[in-house]
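Got the model open in your viewer? Let's take a short walk through it, one selection at a time.

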Amino acid sequence: MPANAADTNLGVSASTESGSQSAQLAVTAEPTATVSFERPAVTTMAAPKVETVRAQSTGADASETSTEADGEAKAGKLADAASSAAASGLAAIAYTGIGSPYVWGGTTPGGWDCSGFTQWVYAQAGISIPRTNAWTAMKPTATPAPGDLVMQNGGAHVGIYVGNGMMISALNPSQGTLLHAVSATGTSAFYTLR
């Protein structure tokens, strides 16, 4: 064979069995590719600092009266903010329960039913609610916020509202605790501690 012909067949071999009309073709290649992994550059930024701004007044008498009124208004706003923060924290706690099994009468992540799950979520935030019919200790609301209770089918089921029409609840033994649409499990009423 000429030198050029051998070069064109480099890495290719063929074999023919005697008495057989089948041919096998095998192609081999030299490993020539190289792979390089580089560490990505990561930049971090400091979180913004929150500063409180105090109201200023011009007179001594006005300052005393406005301070009292401001103090009461601030206390009310703080209570609302704390309630809202607690509610969103409840939703975050509820997410940690996803995947836990359903066990009728259970009250721990090792296994719980719907009311045991909601009681556990609130307990993690330091809030004590009754294990069953917890909504009786709360106020009905037409505008649920994350962390509010979702009572369904006349009290047959309960879960934690997490926003955007979604809730987390312990459904049944075959599905366990999961995130699902509020509308997927029947008629609903919402209850809040706010």
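Start by selecting K139 and T192: in this predicted model, T192 of β10 is the bridge partner of K139. Now widen the selection to the two strands around that pair. Strand β5 covers residues 139-141 and β10 covers residues 188-192; the two run antiparallel and are joined by three bridges.

Keep β10 on screen and add β6, residues 149-152. Which way does β6 run relative to β10? These strands are antiparallel too, with four bridges between them. To see one of the pairings, pick V150, whose bridge partner in β10 is F190. So β10 pairs with β5 and also with β6. As you look along the strands, bear in mind that side chains in a regular strand alternate between the two faces of the sheet.

Next, jump to S100, in the loop that links α2 (60-96) to β3 (107-108). Is S100 buried or exposed? S100 counts as buried because its relative accessibility is 10%, under the 20% cut-off. Show its surroundings: beyond the neighbours within four places in sequence, S100 touches P109, W112, G176 and T177. Zoom in on P109, where the backbone oxygen sits 3.2 Å from a polar atom of the S100 side chain.

Finally, zoom out to the whole protein. Colour by secondary structure and you will find three helices and ten strands, in the order α-β-β-α-β-β-α-β-β-β-β-β-β from the N terminus. Switch on the surface for a last view: about 13300 Å² is exposed, with carbon and sulfur atoms supplying 56% of it. Of the 194 residues, 27% are buried.

Note on methods
Residues are numbered from 1 along each chain as its sequence is written. This is a predicted model: local features need pLDDT of at least 70, side-chain atom pairs count only at pLDDT 80 or more; totals for chains, interfaces and linings use all residues. Side-chain values use heavy atoms; hydrogens and water are left out. Buried means under 20% relative accessible area, exposed over 50%, partly exposed in between (1.4 Å probe, protein chains only). Accessible areas come from the Shrake-Rupley method with a 1.4 Å probe; for residues, only the protein chains shown count as cover. A polar contact is a pair of N or O atoms within 3.5 Å; within protein, one must be able to donate a hydrogen and the other to accept it, and residues adjacent in sequence count only if both atoms are side-chain atoms. Contact means heavy atoms within 4.5 Å. Two strands pair if DSSP finds at least two bridges between them.
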